[in-house]
Amino acid sequence: MSTTKIYVVYYSLHGHVGTMARRIQQGANSVQGVEATLWQVPETLSDVVLNKIKAPPKEVDVQEIKPEQLLEADGFLFGFPSRFGVMAAQFKAFFDATGEIWQSQALAGKPAGIFWSTGFHGGGQELTALTAITQLAHHGMIFVPLGYTFGSGMMVMNEVKGGSPYGAGTFAADGTRQPTELELDQAFYQGKYVAELTKKLKN
């Protein structure tokens, strides 16, 4: 049986989405016969701007992805911070560069999940995923929501928790809050869930 390739493609400015991406990769890699790889999309902000907003250095162990490399994968998990309820411009710029792939519909039928980070409750824990689905739809990709399959972890009310039936999420607040163990558990679960489904579809 051939290896099922999952690409975890993300943009992370202050590290929150990057932390989620690593846990998602672990979840996907926990499925036998699956190989999950982390990729970053290119940064569009200048070094001057990044320094002014005190953005940490990019993760040196994660390579930048080119649009054509998407063709190598069997399934995807796309992650990004929310900007006014939509994906960050850096990730949108990456999708905008996939025009040739869109013309050939080479990604049609491939499953994809979405994960994210927002500042606060009103920042788009559901809307960010909903607006991102348009990118998948035009490519013919199959959006894979979690529903409530994460179980009791979806119903927690005694702590702040990101995520929704659309996927895993976290709150960054003013940038100092980091993903909680519960949020990271949902991220691990999402990686495993999408990987299992992708493997079934491939085989």
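User: In this predicted model, is F95 buried or exposed?

Analyst: A residue counts as buried when its relative accessible area is under 20%. For F95 in the predicted model, the computed relative accessible area is 6%, so F95 is buried.

User: How is the aromatic pair of F91 and F95 classed?

Analyst: F91 and F95 are four residues apart in helix α3 (residues 89-96), so about one helical turn separates them. Their ring centres lie 5.5 Å apart, with 55° between the planes. Planes under 30 degrees apart count as stacked and those over 60 as edge-to-face. The pair of F91 and F95 is therefore neither of these, and the class is tilted.

User: Which class describes the aromatic pair of F76 and F78?

Analyst: F76 has a relative accessible area of 0% and F78 one of 1%; both residues are buried. From centre to centre the two rings are 5.3 Å apart, and their planes differ by 10°. Because planes under 30 degrees apart count as stacked, the pair of F76 and F78 is stacked.

User: Which residue in β3 is the bridge partner of Y10?

Analyst: Strand β1 (residues 4-10) pairs with strand β3 (residues 75-83) in the parallel sense, over five bridges. Within β3, the bridge partner of Y10 is G79.

User: What is the handedness of the β-α-β unit made by β1, helix α1 and β2?

Analyst: Strands β1 and β2 (residues 34-40) run parallel and are joined by seven bridges. Helix α1 spans residues 16-29. Together, β1, α1 and β2 make a β-α-β unit that is right-handed.

Key
Residues are numbered from 1 along each chain as its sequence is written. This is a predicted model: local features need pLDDT of at least 70, side-chain atom pairs count only at pLDDT 80 or more; totals for chains, interfaces and linings use all residues. Side-chain values use heavy atoms; hydrogens and water are left out. Buried means under 20% relative accessible area, exposed over 50%, partly exposed in between (1.4 Å probe, protein chains only). Helices (H or I, at least four residues) and strands (E, at least two) are DSSP runs, numbered from the N terminus. Two strands pair if DSSP finds at least two bridges between them. A crossover is right-handed if, with the strands pointing away from the viewer, the path from the first strand over the helix to the second runs clockwise. Rings of Phe, Tyr and Trp (its six-membered ring) pair if their centres lie within 6.5 Å; planes under 30 degrees apart count as stacked, over 60 as edge-to-face and the rest as tilted.
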